[in-house]
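Here are a few short exercises to work through with the model open beside you. Try each task before you read its solution.

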Amino acid sequence: QQSASERKLNLSRSRALFQEAQQVMPGGVNSPVRAFRGVGGEPVFLERAEGAYLYDVDGNRYLDFVQSWGPMILGFGYPSVLEAVTEASKRGFTFGAPTQAETELARLVIESVPSVEMIRFVNSGTEATMSALRVARAYTGRSKIVKFTGCYHGHADMLLVQAGSGVATLGLPDSPGVPSETTANTLSVPYNDKEAIKQVFQTYANEIAAVIVEPVAANMGLVLPVPGFLELLRELTTKHGALLIFDEVMTGFRVALGGMQERVQITPDLTCFGKIIGGGLPVGAYGGRREIMQVVAPLGPMYQAGTLSGNPLAMASGIATLKELRKPGQYELLEQKSQLLGEGIARVLHDTNTDAQITRIGAMFCLYFTREPVHNYADAKRASTERFASYFWEMLERGYYLPPSQFESCFLSLAQEEAQLQEMVQSIETVLRQQA
Ligand code: PLP
């Protein structure tokens, strides 16, 4: 890839701010992938955003395909969301006491996702998955959990086993600081591998509390479930008395109003949410069947709490976002835009004979620099990170802000217009022809 000095983009102020940031924060960031190590070079410091565009501290403008890693599905500064958050902030930032907004957001989620009968709000996706697994263990009285290699469920100790996302980018199979005792009950199985999961249930039949899965794996690029895979998980968990947890932190309210479970018509026992349900403010949630959720304190014995849980600003942002998404036609519109882009990219890959493929579902997509089909983490790792890095910088220079890693998904928003997406397809073609 190009060195910073060869790039036409002026990123001088970003570079200066990054120098300063590195003095006081590990790697200069508060979440590893933001440091751009997946593509080499240094991160862009952002100043503001509006609609579909991000503006950096050097005055460059980018069409945004990161959307803060998923939440900003309406685009930035959406009027009804902005107004709801502004009004809520005037009433008080946080009380640590019940507010009506919590029930309202709970109802919106429950009405949109039928498998959820009761819900608990937390502050991040990490908290949601961690707590859902605690519920599963409390409810079943069992200890073992099954996850899939390359699936990322946040950074809780027991889940940092062959996780994707930043861990994949850094090539760390695991993290120091996680004692082996903590992960001793975590079984990791290749994604989409039906035989492997059958085997695990044969071996540990009555010890498995839950299977947790990203119903679309979006932390190793974007890997779709093969037909029958999610169905098999439902069948095996039901048969053996384990719970099925869909981690829809990424896919919830993204691939459909009812998430991936709506698309595949599978009813998980528990679901984890985050990202979109907070409309850009810090929120997570876990919910599911009433009978299971009744183990949560103070109704039941399983302890889980949070000073800022159900925060009024976050609830207001989430309510306004979900209300917008529940209007008729929104997901059809999003699909229309996504299809236009997806088909455009596929055409360009074909015309330029590039060793790459696009995977897509709804408003999520990934350009993998490999022709081999990608069904799991091992497949994903065959993609060329060098080619990706070069593509990333060329696109940034042309005003497209993509996730700075081959192992992350791109997101579209309702704010993006068809003309912008058509232009993007042309830019991709130019870049790929240059690289050929
Ligand atoms: N689960 C999935 C599927 C995710 O993609 C993420 C984050 O990207 C998480 C959990 C963790 O969420 P958070 O970063 O809010 O802790």
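Ala, Val, Leu, Ile, Met, Phe, Trp, Tyr, Cys and Pro count as nonpolar, Asp, Glu, Lys and Arg as charged, and the others, Gly among them, as polar. Keep in mind that this is a predicted model.

**Exercise 1. The ligand shell**

Sort the residues of the shell around the ligand into nonpolar, polar and charged, and find which helix gives the largest share.

Solution. Start with the residues that come nearest: of the 15 around the ligand, these are Ser-124, Gly-125, Thr-126, Gly-154 and Val-249. Next, apply the classes to the whole shell, which gives four nonpolar, nine polar and two charged residues. Finally, look at where the shell comes from: helix α4 (residues 125-140) supplies three residues, the largest share.

**Exercise 2. An open sheet**

Work out the order of the four strands in the open sheet, and name its edge strands.

Solution. Following the pairing across the sheet gives the order β1-β2-β3-β13, with mixed pairing. The edges are β1 (46-50) and β13 (400-401), since each of them pairs on one side only. Now zoom in on β1: four bridges join it to β2 (residues 53-56), and the two run antiparallel. Within this pair, Leu-46 stands opposite Asp-56 of β2.

**Exercise 3. The overall fold**

How compact is the protein for its length?

Solution. First take stock of the secondary structure: 15 helices and 14 strands. The radius of gyration is 21 Å, close to the 22 Å from the globule rule for 436 residues, so the protein is as compact as a globular protein of that length. As a further step, check burial: 51% of the 436 residues count as buried.

Conventions. Residues are numbered from 1 along each chain as its sequence is written. This is a predicted model: local features need pLDDT of at least 70, side-chain atom pairs count only at pLDDT 80 or more; totals for chains, interfaces and linings use all residues. A residue is near a molecule or strand if its C-beta atom, placed from the backbone, lies within 6 Å of it. Two strands pair if DSSP finds at least two bridges between them. The radius of gyration is taken over C-alpha atoms; the globule rule is 2.2 Å times the number of residues to the power 0.38. A residue is buried if 20 or more other C-beta atoms lie within 10 Å of its own, exposed if 12 or fewer, and partly exposed in between; C-beta atoms are placed from the backbone.
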